[in-house]
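This report describes one protein model for a reader who is new to structural biology. Please keep the sequence and the structure in view while reading.

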Amino acid sequence: MSLTMRNAAVSVLIVASSALIAHSFPDGAPVDTCVKPSKANEPNHGQAKSEPVNTSPYTFTASSSQYGPGSQITVTISGSSFKGFFLQARDPETDAWIGSWAQTENTNTHPECSAVTHADPYEKQHATLIWNAPPNARGRVYFTGTILKEYAKYWSNVVATTKN
């Protein structure tokens, strides 16, 4: 078997294994949620569609919209109980993913797209998340994503309000 064919076979196995793992465990959104062509940043929950953002029962806030080198911003979700979330940090000028998320209790992070998601299928009353600014930059950031009440009821394209 040539090296190219072997590499292709390994790649197929990795992709297939990743798909099985992502669909077998209710431990948050898989990384492909960042980049899927339709419904980016939304769960792939069959025929379910996002609820209108203005009907969200959640408070979604960030401690700041400004960052300096290596600073941290606290992002919170509270309100009605919820099962999950998938959030990203983005640059308001370019919409590019920026920074990274600290690993906190019951979260999984996707550093490749500056995203954080829930790590268990249990009901939550609140979530406190910590975003890490890029080490050598300053600027503005906004936080957006999906908050999931249950499998077929969720709010996408929510944007955190800021305290400053």
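## Salt bridges

Three salt bridges are found when the whole structure is searched; a salt bridge here is a side-chain nitrogen of Lys or Arg within 4 Å of a carboxyl oxygen of Asp or Glu. In general, side chains of opposite charge can pair when their charged atoms come close. This is a predicted model, in which local features need pLDDT of at least 70 and side-chain atom pairs count only at pLDDT 80 or more, while totals for chains, interfaces and linings use all residues. Residues are numbered from 1 along each chain as its sequence is written, and side-chain values use heavy atoms, with hydrogens and water left out.

The table lists the pairs with their N to O distances.

| Basic residue | Acidic residue | N to O distance |
|---|---|---|
| Arginine 90 | Aspartate 95 | 3.3 Å |
| Arginine 140 | Glutamate 93 | 2.8 Å |
| Lysine 124 | Aspartate 120 | 2.8 Å |

Arginine 140 belongs to strand β9 (residues 139-140) and glutamate 93 to the loop between β4 (84-90) and β5, so their salt bridge ties together parts that are 47 residues apart in sequence. Strands are DSSP runs of E with at least two residues, helices are runs of H or I with at least four, and both are numbered from the N terminus.

How exposed are these partners? Three classes are used: buried means under 20% relative accessible area, exposed means over 50%, and partly exposed lies in between, with a 1.4 Å probe and protein chains only. Glutamate 93 is exposed because its relative accessible area is 63%, and arginine 140 is partly exposed because its value is 41%. In the pair of aspartate 95 and arginine 90, the aspartate is partly exposed at 37%, whereas arginine 90 counts as buried at 10%. In the remaining pair, aspartate 120 is buried with a relative accessible area of 11%, and lysine 124 is buried at 10%.

## The chain as a whole

The protein chain contains one helix and 12 strands. Along the sequence, the pattern reads α-β-β-β-β-β-β-β-β-β-β-β-β. The chain has 164 residues, of which 38% count as buried. Its exposed area is about 9,300 Å², and carbon and sulfur atoms supply 56% of this area; accessible areas come from the Shrake-Rupley method with a 1.4 Å probe, and for residues only the protein chains shown count as cover.

Contacts, defined as heavy atoms within 4.5 Å, can also be sorted by separation in sequence. Among contacts in the protein chain with a separation of 6 or more, 69% are between residues 24 or more positions apart.

## An open sheet

Which strands make up the open sheet of five strands? Their order is β5-β8-β3-β1-β12, and the pairing is mixed. The edge strands are β5 (100-101) and β12 (161-162), each of which pairs on one side only. Two strands pair if DSSP finds at least two bridges between them. Strand β1 (residues 58-62) pairs with β12 in the parallel sense over two bridges. Within this region, threonine 61 stands opposite threonine 161 in β12.

Serine 63 is placed in the loop between β1 and β2 (66-67). With a relative accessibility of 31%, serine 63 counts as partly exposed. Serine 63 and isoleucine 73 are 10 residues apart in sequence, and their C-alpha atoms are 5.7 Å apart in space.

## Histidine 118 and two loop residues

Histidine 118 lies in strand β7 (residues 115-118) and is buried because its relative accessibility is 11%. What does the side chain of histidine 118 reach at 3.0 Å? Its partner is the backbone nitrogen of phenylalanine 85. A polar contact of 3.4 Å also joins the side chains of histidine 118 and threonine 117. A polar contact is a pair of N or O atoms within 3.5 Å; within protein, one must be able to donate a hydrogen and the other to accept it, and residues adjacent in sequence count only if both atoms are side-chain atoms.

Two loop residues deserve a note on their backbone. Asparagine 106 is not a glycine, yet has a positive phi of about 60°. Asparagine 106 sits in the loop between β5 and β6 (107-110) and is partly exposed at 41% relative accessibility. Serine 114, also not a glycine, has a positive phi of about 45°. Serine 114 is found in the loop between β6 and β7 and counts as buried, because its relative accessibility is 2%.
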